[in-house]
Amino acid sequence: MGKPAIVMEQTLKELMGLRRLVLVIAAGLIPAIFFGAVVWRESFRSGAMSLEMQTHTFVGYFLIFSFIWIAGFYITYMIITSGMDFVSKEEEEGTLLLMVSKPIGRFQFIIGKFLALLITTLLIELVVLFGSILIFWALLGLEPESVRALVGLVFWIFLYSILIVILFDALTIAISTLFKGKVIKTVLTMLLVMLVFGVGPILRMVWPTAYENYHLYYIDPGYHLGNTYVSISEQAISGRMTPQSQAYLGIFTGTYKAGMEELVLAMFTGSSESFDPDIRAMPPSLEQTNYLNPLVSVLLCLVVSAAALGGAKVAIERREVY
Amino acid sequence: MIETRNLTKRFGDFTAVDGINLAVQQGTIHGFVGPNGAGKTTTMKMLTGAIWCSQGEGYIKGHEIGSTPAKQIIGYSPEHAFFYNDMVASDYLSYMARICGVERSEARKKALDLLNWLDLGGFAESKVGGFSAGMKQRLGLAQALIHEPELLILDEPTANMDPSGRISILDKLRELSHESNVTIFLSSHILSELEQVVDFMTMIDRGRIVVEGNMTELRRRFSGNHFLLKTSQNEKILEVIKEKGLFRESWTDTEDFIHMISDDTTALRKVVVEVVVQTGAELEHFSEERASLQDIYRKTMSMEEEE
């Protein structure tokens, strides 16, 4: 067994403590309970829409819910809170001194921690994905066909999650290795989340022409994640997005041509009044922006992750431990 | 086992370790002594790879310091060891063992054996966070020993321990050295205890080595050619030796021992024997006074201050 695997196993034990698991999973399921019990309750009242309509509408909702919450803020928050202190805490508490005197490469130690966080996050995410489906099923009384459609999405959402977990895991480990101060780490983390989820929408709203003309999507992490998500979710049989979801995703990530107008239209008029000729139930689909091939976005995310890990490697190997 | 050449560590303008050349022989217990801030801990941390040297080089059994092969040879216990407080002692040691390459099946057995050997067997399943300072010191030694290293680097291994704990640890170190041929490089401020175990000693002050050598030589060197003599005819014998001009200073203490400081020790030894035989006096005691580690330390440090 390799030495990173030993560190990974130990870190997994720490991260998989029962109390922590219960709390983290419960936190992940709260939005599902809120949306199921309050926000979407009216829309899915029995008999309010056809089965086909129900399935497609809920698939759309679930795709957005998963992108923004489960594979978005929740997963990143979980990674940041768990991984931010991985290295700096060891140094602050003095345990790193003994670790660096042991015959294990410093980067191997980091990789062990990285893998443990990756595995834990993905496992918890899987539980929250299935748990959310169960909660929606129970609270909204979804038909089995709709539930099957949601279950069919899980694999693809999970696949996308691997990318976002790798990215944030690497960035978090890098911040934990490069910086010691709690304040600077918190500020950096907030900036990172802002950069990924906030900069794109603001840029597109404030300066829509520049976003396209100056190819700003290259440096918009939100676009790359959205581009990947759309491409991956389209692989699912049930993964077709409703125009509403496309509008939300367009606003958030720039993957669909959507401004505020489209969002308002989709939100307030797009449920049962209009029909898409393709599926005979929805308003017309929004046009994809297709700025970049999704593979380029995946590659860029992986390159950033590798660069972050590279930075962590250089930092930990040059670090003097007292 | 340890060899350094011009090993230097600078922190900005301050030179903590100033070009030291260490040579620690295999199988020996080598003391590393000096006042606070002399550079002992910094040197040890450079040897274990926790910090990097600013200049010079160092090798552990031929492997560059800080490299994984070098660290495989070392077991290191810092003065203030910090552990994962939520782990129980046996789990902690098993984890450390596996990090050092010990198989999972062996690791737990080794952990329990070591805890028993260090009188911590009753606390194997206790959380480390609840350990006293002395127990943590023992655990620190246990984690250093867990992979049966050839070289132990111990920074103040008996600090925070009560006298019986200190004696027990020193006994164990002696046992390790004699029975397992483990090389031990250790620092301590308790010189009287250190003296009982060390074969070699390096004294360091302001980052520089001021004295080094094996203990027998050092004791002789620092004894100042000081001889003790007691016979049945002290006065007569002292008179004869005085006539031959073989000592520069002498006095008799309250227990009737003649103290002589001589510059020609070989001649003095010879003359004492001859005079005792000639006078027919009864020889009760004749020895060369041995300097203690404390004497050596005191003399060296005062010479350093004078310089």
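**How many of the residues of α12(A) are buried?** Let's work up to that and beyond, in a few exercises on this two-chain structure.

Before starting, note that this is a predicted model, in which local features need pLDDT of at least 70 and side-chain atom pairs count only at pLDDT 80 or more, while totals for chains, interfaces and linings use all residues. Residues are numbered from 1 along each chain as its sequence is written, and chains are lettered from A and ligands numbered from 1 in the order in which they are written.

**Exercise 1. Describe how α12(A) is covered and what follows it.**

Step 1. Fix the terms. Helices (H or I, at least four residues) and strands (E, at least two) are DSSP runs, numbered from the N terminus. A residue is buried if 20 or more other C-beta atoms lie within 10 Å of its own, exposed if 12 or fewer, and partly exposed in between, with C-beta atoms placed from the backbone.

Step 2. Apply them: 10 of the 11 residues of α12(A) are buried, and the helix is mostly covered. Among the buried ones are A:Pro243, A:Tyr248, A:Leu249 and A:Phe252.

Step 3. Look just past the helix: A:Gly254 has a positive phi of about 80°.

**Exercise 2. Work out how α11(A) and α12(A) pack.**

Step 1. Start with the geometry. Helix α11 (residues 221-233) and helix α12 (residues 243-253) of chain A pack at an angle of about 150°, and their axes are 8 Å apart. Axes here are lines fitted to C-alpha atoms, for helices over the stretch in contact, and angles run from 0 to 180 degrees between N-to-C directions.

Step 2. Classify the angle. Angles under 35 degrees count as roughly parallel, over 145 as roughly antiparallel, 65 to 115 as roughly perpendicular and the rest as oblique. α11(A) and α12(A) are therefore roughly antiparallel.

Step 3. Find the residues that meet, using contact in the sense of C-beta atoms, placed from the backbone, within 7 Å. From α11(A), A:Gly222, A:Tyr223, A:Leu225, A:Gly226 and A:Val230 meet A:Leu249, A:Phe252 and A:Thr253 of α12(A).

Step 4. Sort by class: 5 nonpolar, 3 polar and no charged residues make up this contact. Ala, Val, Leu, Ile, Met, Phe, Trp, Tyr, Cys and Pro count as nonpolar, Asp, Glu, Lys and Arg as charged, and the others, Gly among them, as polar.

**Exercise 3. Compile a profile of each chain.**

Step 1. Chain A has 14 helices and 0 strands, and buried residues make up 46% of its 322 residues.

Step 2. Chain B has 11 helices and 15 strands, with 41% of its 307 residues buried. Its C-alpha trace spans about 75 × 45 × 30 Å along the principal axes.

**Exercise 4. Place β4(B) among its neighbours.**

Step 1. All five positions count here: 5 of the 5 residues of strand β4 (residues 29-33) of chain B are buried, so this strand is largely enclosed by the rest of the structure.

Step 2. Sort the directions. B:Ile29, B:Gly31 and B:Val33 point one way, and B:His30 and B:Phe32 the other.

Step 3. Find the partners, where two strands pair if DSSP finds at least two bridges between them. β4(B) pairs in the parallel sense with β9 (residues 183-187) of chain B over 4 bridges, and also in the parallel sense with β10 (residues 200-205) of chain B over 4 bridges. B:His30 stands opposite B:Phe185 in β9(B) and opposite B:Phe200 in β10(B).

**Exercise 5. Trace the open sheet of 4 strands in chain B.**

Step 1. The order is β13-β14-β12-β15, with antiparallel pairing.

Step 2. β13 (249-252) and β15 (283-288) are at the edges, each with a single partner strand, so one side of each has no neighbour in the sheet.

Step 3. β13(B) and β14(B) are joined over 4 bridges, with B:Ser250 opposite B:Met260.

Step 4. Helix α9 (residues 234-243) of chain B lies across β12, β13 and β14, at about 135° to β12(B).

**Exercise 6. Characterise where the chains meet.**

Step 1. 23 residues of chain B are in contact with 16 residues of chain A.

Step 2. On the chain B side, α3(B) supplies the largest share, 4 residues.

Step 3. By class, that side divides into 14 nonpolar, 7 polar and 2 charged residues.

Key:
Contact = placed C-beta atoms within 7 Å.
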